[in-house]
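Student: I would like to go through the backbone and helix packing of this model with you. Could we begin just where one of the helices ends?

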Amino acid sequence: MPEIREYELFEIREPVSQTIPFVYNSPHSGRIYPPEFIAQSRLEGISIRRSEDHYVDELFYAASLLGAPLLLANFPRAYLDVNREPYELDPRMFDGLLPPYANINSLRVAGGLGTIPRIVAENMEIYARRLPVQEGLDRVESIYKPYHAALRRLIARTHVQFGFGVLIDCHSMPGNVRVAGSNSRPDFIIGDRYGTSASAELSRTAISILEEMGFTAIRNKPYAGGFITEHYGRPARGLHALQIEVNRAIYVDEVTLEKHTDFPLIVNAVTGFMRQMASYVEQFATDTALAAE
């Protein structure tokens, strides 16, 4: 896939020295679209960008300055979604038979949002025609697997250095998301897979920090965390994974994708959140609730 090699598939923004047991990950903020992908798509311009977690890499930019690595994708989510199993593939998208190990029956595949998505947000079909099966498998081999190998290395290194680790998986959500049963709009959602991917105390602390900063924050609904949170969160081993969703409406115009004038204020708030989370973990690092459950 020579076209994808014209840029770095992903970046790791390393701190000068890792001083906190955190790894930050932004898998959906990539916005470099290979020309060959654009040629395959029936969408163009802003339409094909609807699935991006717009500027989330910039919101969490300060992670490395605070002493934690930040892994971020440059490839777009519409091209390949690393927050899925490696082979959640829709047979309707491909010419030829998928391998028997492909998960063709997942709810995410049914919704058009598998490892190689069929749609972007608002149910817009991406492709004008079917893809060769080998092309789909090549994307998994050349992008998905190296990305997850890099993420595993960062988590393992952190775990060895500190005896435990906290993965923060960073995302954004549409501005029209509402809390079930009410009209309130959360500014942030913290997902811990309903208590299975991280210490409950860690989740409560994250929400408390955001609320004390004046934001509306809730837990798990409607976003409890995806494959990354579920796959890497192992609280019993001292490995905690939280997903954080930032409401796009508070920092970007969702129609034009232009940043709001107060975008720097949201960046500062997110930086403050990261700093307070680090302080909390440093203070309670020896607690069994964090080191292992």
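Tutor: Just after H4, Gly163 takes a positive phi of about 90°. This is a predicted model, in which local features need pLDDT of at least 70, side-chain atom pairs count only at pLDDT 80 or more, and totals for chains, interfaces and linings use all residues. Residues are numbered from 1 along each chain as its sequence is written, and side-chain values use heavy atoms, with hydrogens and water left out.

Student: Where is the kink in H4 centred?

Tutor: Helices here are DSSP runs of H or I with at least four residues, strands are E runs of at least two, and both are numbered from the N terminus. A bend is the angle between axes fitted to the seven residues ending at a residue and the seven starting there. In H4 the kink is about 30°, and its centre is Val140.

Student: Which residue has a positive phi although it is not a glycine?

Tutor: Most residues other than glycine have a negative phi. The exception in question lies in the loop between strand E9 (188–191) and H5. With a positive phi of about 55°, it is Arg193.

Student: Which residues does a cis peptide bond join?

Tutor: Most peptide bonds are trans. Here, one partner is found in the loop between strand E10 (217–219) and helix H6 (227–232). With omega at about 0°, the cis bond joins Lys221 and Pro222.
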